[in-house]
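Dear colleague,

Please find the structure below, handed over for your own work. A short account of what was found in it follows.

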Amino acid sequence: MDNNELLLTRKSSRRNQSIFTCTKCKQGKMNPLHQEGEPEYTDIFTCDKCDHTATIPSLVIIFTQFISAIAGGMVSAYLFIQHLSKVLTAFQFNTSDQISSDLSLMAVAALFLCGFGYTLFRAVLGINRRRKYSRKK
Ligand SMILES: [Zn+2]
């Protein structure tokens, strides 16, 4: 591949076409706000008509949030259920030798579940926001 071709592909993958419409004035286009010294990627967009700014997460971020929330959530749920059943068995047979460690592990798993639930929540929020801004009037 010669240099020209390389430059061309790089340019086309970096086109700055805005796909988002401003929700405030309903006319302006939302353009990515690049600050000097910042990496090229940004999820902050600003309207070219009324200066309305909004954070619109990229699809990559939303996708990553979904994957980690689902994978992490499944693991935490599995651990939670496993320790819960151990606690229940301990209660049933009145053996309390391991119950405190199982309870604390359950608490940790529950905490992780909350965290992954929050990640999932943020991913859904991000999708909603993208939808809101990319809606054509
Ligand atoms: Zn606007």
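Strands, as named here, are DSSP runs of E with at least two residues, numbered from the N terminus, and two of them count as paired if DSSP finds at least two bridges between them. The model is a predicted one.

On that basis, the hairpin of strand 3 and strand 4 has five residues between the strands, and Asp-51 takes a positive phi near 65° there. Three bridges hold this antiparallel pair, with Phe-45 opposite Ala-54 of strand 4. Phe-45, in strand 3, is also the bridge partner of Pro-32.

The hairpin belongs to an open sheet of four strands, which are ordered 1-2-3-4 with antiparallel pairing. Strand 1 (20-21) and strand 4 (53-55) each have a single partner strand, so one side of each is left without a neighbour in the sheet. Further in, strand 2 is joined to strand 3 (residues 44-47) by three bridges. Strand 2 (residues 29-32) is also joined to strand 1, by two bridges, and Thr-21 stands opposite Lys-29.

Turning to the helices, helix 3 covers residues 99-134. Its 36 residues should span 52 Å at 1.5 Å a residue, and because the end C-alpha atoms are 52 Å apart, the expected and modelled values agree. Which residues of helix 3 are buried? They are Ala-109, Phe-116, Ala-123 and Gly-126. The elements that cover these buried residues include helix 2 (59-93).

With kind regards

Notes. Residues are numbered from 1 along each chain as its sequence is written. This is a predicted model: local features need pLDDT of at least 70, side-chain atom pairs count only at pLDDT 80 or more; totals for chains, interfaces and linings use all residues. The expected span of a helix is 1.5 Å times one less than its number of residues. A residue is buried if 20 or more other C-beta atoms lie within 10 Å of its own, exposed if 12 or fewer, and partly exposed in between; C-beta atoms are placed from the backbone. Two residues are in contact if their C-beta atoms, placed from the backbone, lie within 7 Å.
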